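These are my notebook entries on a structure I went through chain by chain. I kept a short record of each thing I looked up.

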Amino acid sequence: MVTTLHHILANSIVLLALKLGILLLLLPATLVVGYVELKVMAHMQHRLGPMYAGAYHGWAQTLADGLKFIQKEDIMAAATDRTVFSMVPYITMLGAALTFVVIPFSRHGVIANLDIGLFYALAVSSISVIGVLAAGWASANKYSLMGGLRAAAQLIAYELPLVLAAAAVAMQAGSLSLVSIAEAQRYVPFALWAQPLGFLIFLAAATAEVSRTPFDMPVAEAEIITGAFTEYSAMKFAFGLFAAEYIAMIGMSALAATLFLGGYVPLLPQLRFVPGPVWFLIKTGLLIFLLIWIRWTFPRLREDQLQKFAWKVLIPLSLVNIFVTGALKLAHWT
Amino acid sequence: MGTVPEDLTRVPDLSSTGGLHTEEMVLNVGPQHPATHGVLRVLVSVDGERIVRAEPVIGYMHRGHEKLVEQRDFRQITNLLSRMDWLSGINNEIPASLAVERMLELEVPRRAQYLRVILAELNRITNHLMFTGSFGLELGATTPVMYAFRERELIQEALELVTGGRMHFGFIRPGGLKEDVPRGFVELARRGVRQLVAKIPDYENLLMGNEIFKQRTVGVGRLDPALALDHGVSGPILRACGIPYDIRKVDPYLVYDEFEFDTPLGAQGDSFDRFWVLVQEMKESARIVEQALDGLPEGSHIGAVPKRLTLPKGQIYCHAENPLGELGYYLVSDGGNKPYRLKIRTPSFSNISVAAHMLRGAFVPDMIAILGSMFFVVGDIDR
Amino acid sequence: MATPPRSLRSWERVDPEEFSRRVAGKLGDAAASVDVRNGTIHVTLPAGDVVGAARVLKEDPELDCAYFNFLSAVDWEAEGFEVLVALHSLTYGNTVIAHVRLPAESPSMASLTALYGGANWHERECAEMFGIDFDGHPNLVKLYLPEDFEGYPLRRSFKLASRRYKAWPGAKDEEEAAAGGPLR
Amino acid sequence: MNDESKLKKATFGTGLLKGLGITMRHMVSKAVTVQYPDEIAPLPPRSRGVIALKEENCTMCMLCARECPDWCIYIEGHKERRESRGEGKRAKAFNVLDRFAIDYALCMYCGICVEVCPYDALFWSPEFEYAEGDITRLTHEMERLEDWMRTVLPPSPLDDGAKGPEIKSAAPVVPAPAAAPAAAAPAPVETAPGPPPAAGRPAGMSEAEFVEQRAAAGRLVRQKVYEEEIAKGSEPRIAEARSKAAEMRARKATLPETEPAPPVTPAPAPSRPAAGMSAADAAAVRRKVYEEEIAKGSDPRIAEARSKAAELRARKGTKGPGG
C-alpha cells in the first residue's frame with residue numbers, strides 16, 4: 001500500500017515536472033523560432049542575416065534581442081489606461097500558451113488529455129485577441145485603435161473556418177481528444193487522404209489567427225505601424241508582441257500538426273523506433289517553416305478582402321468539407 | 001474576393017448609415033510614417049477605414065534651392081541640384097547644363113552626350129529599382145526590396161566608379177562631363193544592366209503575377225487622365241494613364257533620338273498600371289544603355305568651355321525626362337555668372353498635388369498602395 | 001469621368017513657329033506679344049484678363065494646352081513682378097509660357113485654379129514666396145513655410161542671414177574679410 | 001500592352017506558387033552579403049570619401065576656400081622672407097601654412113576644392129570610416145588631412161575611347177586588363193580562379209581593376225623605401241615620412257616604376273605601431289589567405305577582401321566571428 005502510494009507519488013512528481021517543463025520550454029522555443037525566422041528570411045532575401053551574436057552564425061541573436069528589451073525603458077504615454085495597458089502582455093502570452101495544455105507530444109506526454117481537447121484548444125486560442133483589442137483601446141492611439149479593431153474583426157471572420165475545419169477532423173476521428181485524433185492517423189495523416197481541403201482551410205485560418213502575412217493587417221507596419229502595439233516598448237513589447245506571436249505560431253502549428261499530420265504518430269510503421277516527440281517536433285517544425293516561407297514571399301491583403309475571403313470562400317468551402325466528410329462517414333467508406 | 005467601387009473619387013454619402021452613428025476621425029499620417037518615405041504628412045479624415053478627406057502637407061524638407069542658387073555659380077549649382085531628388089542626381093543635373101549650353105550655344109561632344117545618356121539611364125534604373133522594392137515593402141512583401149537592392153548595387157557601383165559618388169554625383173558640367181569614364185566602366189555597366197534584365201522576371205512573378213498583389217492594386221487609385229493633365233502630372237504616373245508624354249520622345253534632348261526604345265503605356269491609370277510602367281521602363285532604359293555602350297564614340301568628354309561662365313541676358317526653359325517625370329528649369333539671366341532666378345519645376349511636386357483627389361473615398365490600406373505607386377521623393381517635392 | 005482629352009493617345013509636334021502663329025491668331029488682342037525662343041513660345045499677357053487668355057489656350061481645339069506645367073514669378077525689383085504660367089499642349093507638342101507683368105506694390109492677379117486644378121499649389125507657393133495675391137484662390141495659405149513666417153523669401157530684397165554670422169574663410173586679406181565675402 | 005492586360009486579367013492561378021518558388025530558390029543559393037567590416041569591398045579611386053592634403057604642394061592661394069560652397073575650409077598662414085641666396089639674387093617672400101582645416105561636419109563632398117586646386121595639393125581618398133561622437137572632432141586639421149595622403153589611390157586609367165583635352169597620365173603600373181567579353185550570364189560570383197595580380201587578372205571584372213589599382217606603384221615604392229629605411233635603422237616615423245615622399249615622387253613621375261610587381265598586394269606600411277602582429281607577419285597572413293581563397297576558386301575580388309580582412313584582424317589581434 002505504502003509502496004504503491006509512493007510509486008504513484010514519485011511518478012506523478014516526475015510527470016508534473018515533465019509537464020511543467022513543456023510550458024517552461026516555451027520561452028526558449030520562441031527564441032529558437034525567432035532565430036530560425038531571422039535566418040530563413042535572410043536567406044530567402046539573398047542575405048546572411050545575423051552573424052555576430054554568439055559567434056557561430058549569430059545563434060544568440062534573439063537572446064541578445066531579449067536582453068536588450070529587458071534593459072530598455074518602459075514608456076507609457078500620459079493618456080494610456082495604465083492597468084489595462086500593463087495587463088495586455090500577460091493576456092496575449094497566456095492565451096497563446098494555454099493551447100499547449102492539451103497538445104500531445106507523445107502518447108502520454110500531454111499535460112491534460114482532455115476529452116474535449118480540441119474544443120479547449122480552439123477556445124483558448126482566441127483569448128489573445130482580447131489582449132490585442134485591449135491594447136488597442138488602452139494605448140489611446142488612433143493607429144492602435146484601428147489595429148485592435150482589425151484584430152477583432154479578423155477573429156470573428158476566421159474563428160468560423162478554423163472551427164469548421166477542425167470539426168471535420170473531429171468527425172473523421174470520432175473524438176475531440178487530441179490524443180485520439182492523433183491515434184486515428186496511424187499511419188496515414190488526415191492531410192493526405194481525408195482532409196486535404198480542411199488542412200488548407202485550417203492553415204489559412206491559422207495564419208490569420210496569428211496575424212501573419214498575408215493576413216497581418218492588425219499589425220501592418222506600413223499602414224498602421226504595428227497596430228495595437230504602436231505604443232508598447234521594452235519588455236511589454238517583447239512579450240506582448242514577439243513572444244505572444246511566436247508562441248501562438250508554435251501553438252497553431254502544433255495543433256495543425258496534430259489534427260492533420262498525426263502529431264507524434266510515426267509516418268511509417270517501420271519508423272516506430274523514432275520517438276513520438278521527435279515526430280511531433282518535425283511535423284510542427286515543417287508547418288512553422290511553411291508559415292515563415294509564406295510570410296516572406298507574399299504581400300498582405302486588405303481587411304475587407306480578408307473578410308470577403310473568409311465569408312465567401314473559406315466558410316462555404318469548410319461547410320462543403322464537413323458535408324463530404326459526413327457523407328463519407330455515413331457511407332462507411334472510411 | 002471583390003474589388004473596390006468603380007469610382008474612387010466619388011465621396012460616399014456617409015450621413016445615412018442606417019441609424020448607426022459614425023464619427024469621423026482625423027488621422028495624422030506622417031511626417032514620420034513608414035509609408036511616406038521621407039517627411040510627407042497626409043492629414044486624413046477617416047470614417048472607419050474609409051478616407052473622407054485627405055490633404056498632403058508638405059514643406060518639412062524645404063531647403064530653398066531656388067533662393068540658394070541665386071548666390072552660386074554653375075559648378076556649385078550642379079552639386080546643389082543633385083540633392084533635390086536624391087535618387088536621380090545625374091538626371092537633375094542634366095537639364096541645368098542643357099540650359100546653360102543652349103544659352104551660350106556651346107557645342108557638346110558626341111562622346112559626352114552618349115555618356116550623359118548612359119549615366120542618366122543607369123540612374124533611372126537605380127531610381128526605379130528603389131521604388132520597385134519599396135512598393136512591395138509597403139504592401140507587406142518584404143523580399144523584393146532586398147532583391148532590388150542587389151541589382152541596384154551593381155549599377156550603383158558603375159556610377160561610383162565614374163563619379164566617385166553614390167547619390168550626389170555632381171558630374172555633369174556645362175559643356176560635357178567633369179571627367180571621362182575610367183577603363184572597366186563599359187563592362188561593369190553592361191554587366192549591371194544584363195543582370196537587371198535577367199532578374200526582372202523575379203519581380204514580375206513575386207509582385208505583378210501574385211494574386212494578392214493584384215487584389216491590392218488593380219482598380220485601386222485610378223487616376224483620371226484629365227485630372228492628371230490639369231495638375232501637370234508627368235512621368236510613369238501619367239504614362240500609366242495611357243498618355244504618351246515622354247520628353248525623350250516628344251522633345252528629344254541629348255542623343256535620345258538616336259536610340260530605339262518604347263514608351264510603355266498603361267491602360268487604366270491604377271496602381272497596378274503605374275507599377276507595371278515603372279518595371280517596363282527599366283527594361284527600356286537597359287535597352288538604351290546597351291545601345292549607347294555599343295555605339296559609344298571616341299572623343300572628348302567636354303567641349304570648349306570658357307573658364308568663367310557668364311551667361312547672356314535672357315530667359316530659357318529647359319526640361320528633361322527625370323525618372324519621376326518632367327523636370328524643368330526656367331533660367332533667367334541678367335548677364336552674370338549666377339542665375340538671376342531659377343524656377344525649378346519638379347515632377348514630384350506636381351505628381352503629389354493630385355494625391356488629395358485620389359485618396360478621397362479610398363481605404364486606409366489603399367492610401368498606402370496609392371502613395372506607394374505615386375513614386376515621389378520628398379526632397380523633390382519641397383526642393 | 002470627364003471627356004478624355006484629345007491628347008490621350010497620339011501626339012505630333014507642330015513646328016513652334018507655326019504654333020506661335022496659331023497662338024497669336026487665336027489670342028488676338030488678348031496677347032501683347034507672341035514670340036519663339038529656343039523652341040518655346042513666349043506670350044506676354046496683360047494682367048487684366050489672364051484667365052480669359054488661358055481659357056482660350058486650354059479649350060481651343062487647335063491649341064489644346066490642357067497640360068498645366070507650372071506657375072511661378074520673377075522679381076524685377078523696382079520694375080515689379082513677372083508671373084510665368086507654363087502650359088503645354090500634348091497634342092501639338094509645344095510649350096507656351098505666358099508672362100504677366102505685375103506692379104511692385106501690392107501685386108495681384110486672378111487665380112487660375114478654376115481653370116486648372118493644378119494651379120492651386122503653385123499659386124500658394126508663389127504667394128508665400130513673392131507676396132503675390134491671387135484673386136479667387138480657394139485657400140491661399142502658406143504651403144511650405146510656417147504660418148507665422150514673416151517676409152517673402154524669393155524676393156530679391158530678402159537676404160539670407162545665415163552667412164552674416166560667420167567670417168568668409170576665403171578672404172585673402174583684411175579688406176576682403178571686412179567686406180564679408182559673397183552672401184551665400 | 002498585351003502583356004499588361006494579360007498579367008492583370010489572370011485570376012487565381014499559379015502566381016502564389018511561383019512566388020514561393022522564387023524565395024525557395026534564393027534560400028538555397030549563396031547569399032550576396034558582404035560582411036563588413038570583416039570583408040571590405042574595395043572602393044574605386046574616385047570615391048569621394050575624405051579629402052587629403054599634400055601640404056608641401058599648397059601655396060595658400062585660397063582658391064579652394066573661395067570656391068567652397070559650404071565655407072568649410074579654413075586656411076591660415078603668414079609670409080616669411082627668405083634671405084638672399086648668393087650674389088644678385090633678391091630676398092624672396094613666401095607663404096608659410098599655419099593652418100589648413102576642413103570641417104567635415106559642413107562639407108558636402110562636392111569636390112570643387114580638389115578640382116580647382118592648381119597645385120595638386122588636394123586629393124580624394126576613398127576612406128570613409130572617420131565618424132565621431134563629437135561634432136567638433138570632424139574638423140580635420142592639417143596633420144590629419146596629411147595623414148589621409150597614405151590612402152589616396154592613383155587615378156584610374158581612362159577608357160580607351162577617351163580623347164579628352166585633359167587626359168591624365170594613367171597610373172604607371174596598372175596592368176591593362178585584357179579586353180573583356182562581358183559575361184552574358186549574370187552570375188554574381190565569377191568562379192574562374194585568377195592568378196595573382198602581376199600575372200594579369202580574369203577579364204571583365206572592373207572590380208578586379210580596383211584591386212590592381214590598390215597594388216599600384218606608389219604602394220610598392222613606399223613599401224620598398226620603408227623597408228630600406230627600417231633596415232638602415234631609421235626611426236619608424238622617419239621611415240614613414242621618407243617612404244611617403246618617395247611614393248608621391250613615384251606617382252608624379254611619368255616613367256613607370258620598372259620593378260616587377262610582387263605576386264601579392266603588400267599592405268601599406270602602418271603609420272603607428274600595430275597592436276597585434278607585425279606588419280610583415282600580417283602581410284604574410286594576407287598572402288596566405290589570398291592564395292587559399294584563389295585555390296578555393298573564389299572571385300579575386302572576394303579573395304582580396306577576405307585576405308585584407310584577415311590581415312586587419314591579424315594586425316589588431318582580433319578574431320573573426322566565425323572563430
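**Entry 1, salt bridges.** Before counting, I fixed the criterion: a salt bridge is a side-chain nitrogen of Lys or Arg within 4 Å of a carboxyl oxygen of Asp or Glu. I also note that the model is predicted. With that criterion, I find that the structure holds 56 salt bridges over all chains. I looked up one of them in detail, the pair of Glu223(A) and Arg216(B), whose closest N and O atoms are 3.6 Å apart. Because Glu223(A) belongs to helix H10 (residues 221–224) of chain A and Arg216(B) to helix H7 (residues 211–217) of chain B, this pair joins two chains.

**Entry 2, chain A against chain D.** I turned next to the contact between these two chains, to which chain A gives 16 residues and chain D gives 17 residues. The size of an interface is often given as the accessible area lost when the parts come together, and I recorded that value here as well. About 1,500 Å² is buried between chain A and chain D, with carbon and sulfur atoms giving 68% of it. On the side of chain A, I note that His46(A), Tyr52(A) and Trp293(A) supply 41% of the area that chain A buries against chain D, more than any other three residues. The elements of chain A that give two or more residues to this side are helix H2 (26–44) and helix H12 (276–295). By class, the residues of chain A that touch chain D are twelve nonpolar, three polar and one charged. Between chain A and chain D I count zero salt bridges, whereas eight residue pairs are in polar contact, with both residues at pLDDT 80 or more.

**Entry 3, cavities.** My search of the whole structure returned twelve cavities of 30 Å³ or more, and the largest cavity holds about 390 Å³ of space. It is lined by 27 residues, of which Ser128(A), Val132(A), Glu209(A), Val210(A) and Ser211(A) are the closest to its centre. Among the elements of chain A that give two or more residues to this lining are helix H4 (82–97), helix H6 (127–138) and helix H7 (142–173). The largest share of the lining, eight residues, comes from H11(A). I sorted the lining by class and obtained 17 nonpolar, eight polar and two charged residues.

**Entry 4, backbone exceptions.** Most residues other than glycine have a negative phi, and most peptide bonds are trans, so I looked up two departures from this. The peptide bond from Tyr36(D) to Pro37(D) is cis, with omega near 0°, and Pro37(D) sits in the loop between helix H2 (15–28) and strand S1 (50–53) of chain D. Asn38(C), a residue other than glycine, has a positive phi near 50°, and I place Asn38(C) in the loop between strand S1 (33–37) and strand S2 (40–45) of chain C.

How values were computed. Residues are numbered from 1 along each chain as its sequence is written. Chains are lettered from A and ligands numbered from 1 in the order in which they are written. This is a predicted model: local features need pLDDT of at least 70, side-chain atom pairs count only at pLDDT 80 or more; totals for chains, interfaces and linings use all residues. Side-chain values use heavy atoms; hydrogens and water are left out. Contact means heavy atoms within 4.5 Å. Buried area is the accessible area (1.4 Å probe) that two parts lose on being put together, summed over both. A polar contact is a pair of N or O atoms within 3.5 Å; within protein, one must be able to donate a hydrogen and the other to accept it, and residues adjacent in sequence count only if both atoms are side-chain atoms. Helices (H or I, at least four residues) and strands (E, at least two) are DSSP runs, numbered from the N terminus. Ala, Val, Leu, Ile, Met, Phe, Trp, Tyr, Cys and Pro count as nonpolar, Asp, Glu, Lys and Arg as charged, and the others, Gly among them, as polar. On a 1 Å grid over the protein atoms alone, a cavity is a set of points where a 1.4 Å probe fits but cannot get out, and a pocket is an open set with protein on both sides within 12 Å along at least five of seven lines; lining residues have an atom within 4 Å of a point. Grid points are joined across faces, edges and corners, and a volume is the space filled by probe spheres set on the points.
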